[in-house]
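Student: I keep meeting labels such as "buried" and "paired" when I look at protein models. Could we go through one and ask where the labels come from?

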Amino acid sequence: MGVFALSLYHHCRRNFSFDHHYQSCRTLILQSAFESVRVQRLSHDDSGIVEVHLDRPEAKNAIGKEMLRGLQNIFESINRDASANVVMLSSSVPRVFCAGADLKERKTMNPSETRFFVNSLRSTFSLLEALHVPTIAVIEGAALGGGLEMALSCDLRICGEDAVLGLPETGLAIIPGAGGTQRLSRLVGKSIAKELIFTGRKVGGRDAMSVGLVNYCVPAGEAHLKALEIAQHINQKGPLALRMAKRAINEGLELDMESALALEEECYEQLLNTKDRLEGLAAFAEKRKPRYNGE
């Protein structure tokens, strides 16, 4: 990932009781493309987990042109990185995931510039959705407008109880324009999506889980811990299998059943002659943890 400046630092995770090796400091690689978006690559047993942090505290992580360029560069780089197995998308700003598009910046744009920005936002979220590896949105606090649309582009969503999620665009006489009308309806169903978008109603973490908008709702402040736990489980699985499973699910949902099953067969076939599949069988027979290399 040559676009990033690299530096090493030590990161302590002494409060992670679910795994004893977190009692000591961990080494992480910190990578930054733009000031408002930062990347961390975990090491040792967690090598393969990539954390993308939104870091624009003065604007509650509102997405402006600079942040959008950072996200585009990062997602493109992750997609080229064979060592990445799972991505966590979270916020470095307390009590907010992302407040949506930067409306102060939007006010300075003419209609042509606005159209270009919204199209770029839509394509960037589509790039996030199309990443080869599983992605997890870690939501504490507000995820509104474009912020929720970004979270909807992830495979999984974990939120804290005090999270606030919503698509308030109709209150501004527009509609969600970065995939929200399509991804929300596919996730929670047409009727609930219409009600949330028509009214602009915001929902809390527990309500979001009850309608299927998020996978887990945990006590406030613990969303990152839960997301990391899930990421660790994913990271232990065969990397090529994860990519094929994601492709089979995402592409298969757009097909009729016969075509979808043919796609599943194609994805399965691509795994039959891999070294990882043989390693999985050997590890099972030898009652040991498999060592997958993505080959």
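Student: Why is strand E4 (residues 49-54) described as largely enclosed by the rest of the structure?

Tutor: Keep in mind that this is a predicted model. A residue is called buried if its relative accessible area is under 20%. In E4, six of the six residues pass that test, so the strand is largely enclosed by the rest of the structure.

Student: What makes you say that for both sides of E4?

Tutor: Start with the general pattern: in a regular strand the side chains alternate between the two faces of the sheet. Here Ile49, Glu51 and His53 point one way, while Val50, Val52 and Leu54 point the other way, and all are buried.

Student: How do you know that strand E3 (residues 37-42) and E4 are paired?

Tutor: Two strands pair if there are at least two bridges between them. E3 and E4 have five, in the antiparallel sense, so by that cut-off they count as a pair. For one bridge you can look up, take Val39, whose partner in E4 is Val52. The hairpin of E3 and E4 has six residues between the strands, and His44 takes a positive phi near 55 degrees there.

Student: What partner does E4 have in the parallel sense?

Tutor: That's strand E5, with six bridges to E4. Leu54, for instance, has Ser91 in E5 as its bridge partner. E5 (residues 86-91) also pairs with strand E7, again in the parallel sense, over three bridges, and Met88 is matched with Ile136 in E7.

Student: Why is E7 (residues 135-139) called mostly covered?

Tutor: Use the under 20% cut-off again. Five of the five residues of E7 are buried. Thr135, Ala137 and Ile139 sit on one side, Ile136 and Val138 on the other, so with every one of them under the cut-off, both faces are covered. E7 also pairs with strand E9 (residues 156-160) in the parallel sense over four bridges; among them, Val138 is joined to Ile158 in E9.

Student: What makes the sheet E6-E8-E10-E11 have edge strands?

Tutor: That sheet is open and has four strands in that order, with mixed pairing. Its edge strands are E6 (96-98) and E11 (203-204), each of which pairs on one side only.

Student: How do you know that E10 (residues 164-166) and E11 pair?

Tutor: The rule asks for at least two bridges, and two bridges join E10 to E11, which run antiparallel. Leu165 has Val203 as its partner in E11. So the count meets the cut-off, and the two are a pair.

Student: How do you know that helix H8 (residues 223-235) has the length expected for its 13 residues?

Tutor: Compare two values: H8 reaches 18 Å from its first C-alpha to its last, close to the 18 Å expected at 1.5 Å a residue. Its buried residues include Ala223, Ala227, Leu228 and Ile230.

Student: What makes Lys226 count as lying over the ring of Tyr216?

Tutor: The distance part of the rule is within 6 Å of the ring centre. Lys226 lies over the face of Tyr216 at 4.5 Å from the ring centre, so the distance fits the rule.

Student: And how much of the whole protein is buried?

Tutor: Buried residues make up 46% of the 295 residues. The protein has 11 helices and 12 strands.

Notes: Residues numbered from 1 in each chain as written. Predicted model: local features only at pLDDT ≥ 70, side-chain atom pairs only at ≥ 80, totals over all residues. Heavy atoms only, no water. Expected span 1.5 Å × (residues − 1). Buried < 20%, exposed > 50% of the residue type's maximum accessible area, 1.4 Å probe, protein only. Lys NZ or Arg CZ within 6 Å of the ring centre and 35° of its normal.
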